[in-house]
Amino acid sequence: MATANNSGLHAHFSSLDQPEKYKVGIAVAEWNDQITGALADGAKSALLEAGIPSEKILLHPVAGSYELPLASALLLDAGCDAVIAIGCLIKGDTPHFEYISEAVTQGIMRLNLDSRKPVIFGVLTTLTMQQALDRAGGSLGNKGHEAAVAALKMLKLKSELLG
Ligand code: RBF
């Protein structure tokens, strides 16, 4: 069952050392832009709160969620230390939802392992618009903000392990 706070996701995050040295990309799908805009705002504010300078946050729109893996790869090529991929897939009457969800999930995971850089899955896959609204600043918080916190945690882990 969904809860407002999924067991203290943020509980053990202490701040990133030297946040000013990091460049972070945000790729945002334009499909369902009422949702993805709110998620991107949440992600950006989490990065700013952590001390990443605004000029080092590269926010780029793409048409839809299917484009997120390539856009994320290009942002890594452009020197980003981490990328947050933001989209919103809402299940319709045809199987597109399953095809796109599967492709994006696999594409983003592959990028993580191939690049050894965090590429965070900030894609809502919901059955209804209301479920998406609840997770984009509504009753269940802002999953874009949580996605950015996940990116910060991975950058911290990488710096602790590898310097
Ligand atoms: N992109 C999304 O980000 N969310 C959607 O809910 C979504 N629904 C789509 C439904 C159909 C039938 C199609 C053909 C595309 C949809 N897309 C959606 C766009 C998709 O991610 C991609 O931008 C386009 O297929 C172009 O490659």
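**Reading burial and exposure in a predicted model**

Mentor: Met 154 is partly exposed, with a relative accessible area of 39%, and since this is a predicted model, that value is computed from predicted coordinates.

Trainee: In which helix does Met 154 lie, and which residues join Met 154 in a nonpolar patch on the surface?

Mentor: A residue needs over 30% relative accessible area to be counted in a patch, and Met 154, at 39%, is therefore eligible on that point. Met 154 belongs to helix α5, which spans residues 143-162, and together with Leu 157, Leu 161 and Leu 162 it forms a nonpolar surface patch with about 420 Å² of accessible area.

Trainee: How should I read Asp 134, and what is the nearest side chain of opposite charge?

Mentor: For a charged residue, one looks at burial and at possible partners. Asp 134, found in helix α4 (residues 129-135), is buried yet has no salt bridge, the nearest side chain of opposite charge being that of Arg 135, 4.5 Å away. A salt bridge would require a distance within 4 Å. Leaving aside neighbours within four places in sequence, Asp 134 is in contact with Ser 139, Leu 140 and Gly 141.

Trainee: Is helix α2 mostly covered or mostly open, and what covers its buried residues?

Mentor: For a whole helix, one goes through the residues and then looks for their cover. Helix α2, residues 68-77, is mostly covered, with seven of its ten residues buried, among them Leu 68, Pro 69, Leu 75 and Leu 76. The cover over these buried residues includes the strands β1, β2, β3 and β4 as well as helix α3. Just after α2, Gly 79 adopts a positive phi of about 100°.

Notes
Residues are numbered from 1 along each chain as its sequence is written. This is a predicted model: local features need pLDDT of at least 70, side-chain atom pairs count only at pLDDT 80 or more; totals for chains, interfaces and linings use all residues. Side-chain values use heavy atoms; hydrogens and water are left out. Patches are made of residues with over 30% relative accessible area and no salt bridge: like charges are joined within 9 Å, nonpolar side chains (Val, Leu, Ile, Met, Phe, Trp, Tyr) within 5 Å. Accessible areas come from the Shrake-Rupley method with a 1.4 Å probe; for residues, only the protein chains shown count as cover. Helices (H or I, at least four residues) and strands (E, at least two) are DSSP runs, numbered from the N terminus. Buried means under 20% relative accessible area, exposed over 50%, partly exposed in between (1.4 Å probe, protein chains only). Lys and Arg count as positive and Asp and Glu as negative; His and the chain ends are not counted. Contact means heavy atoms within 4.5 Å.
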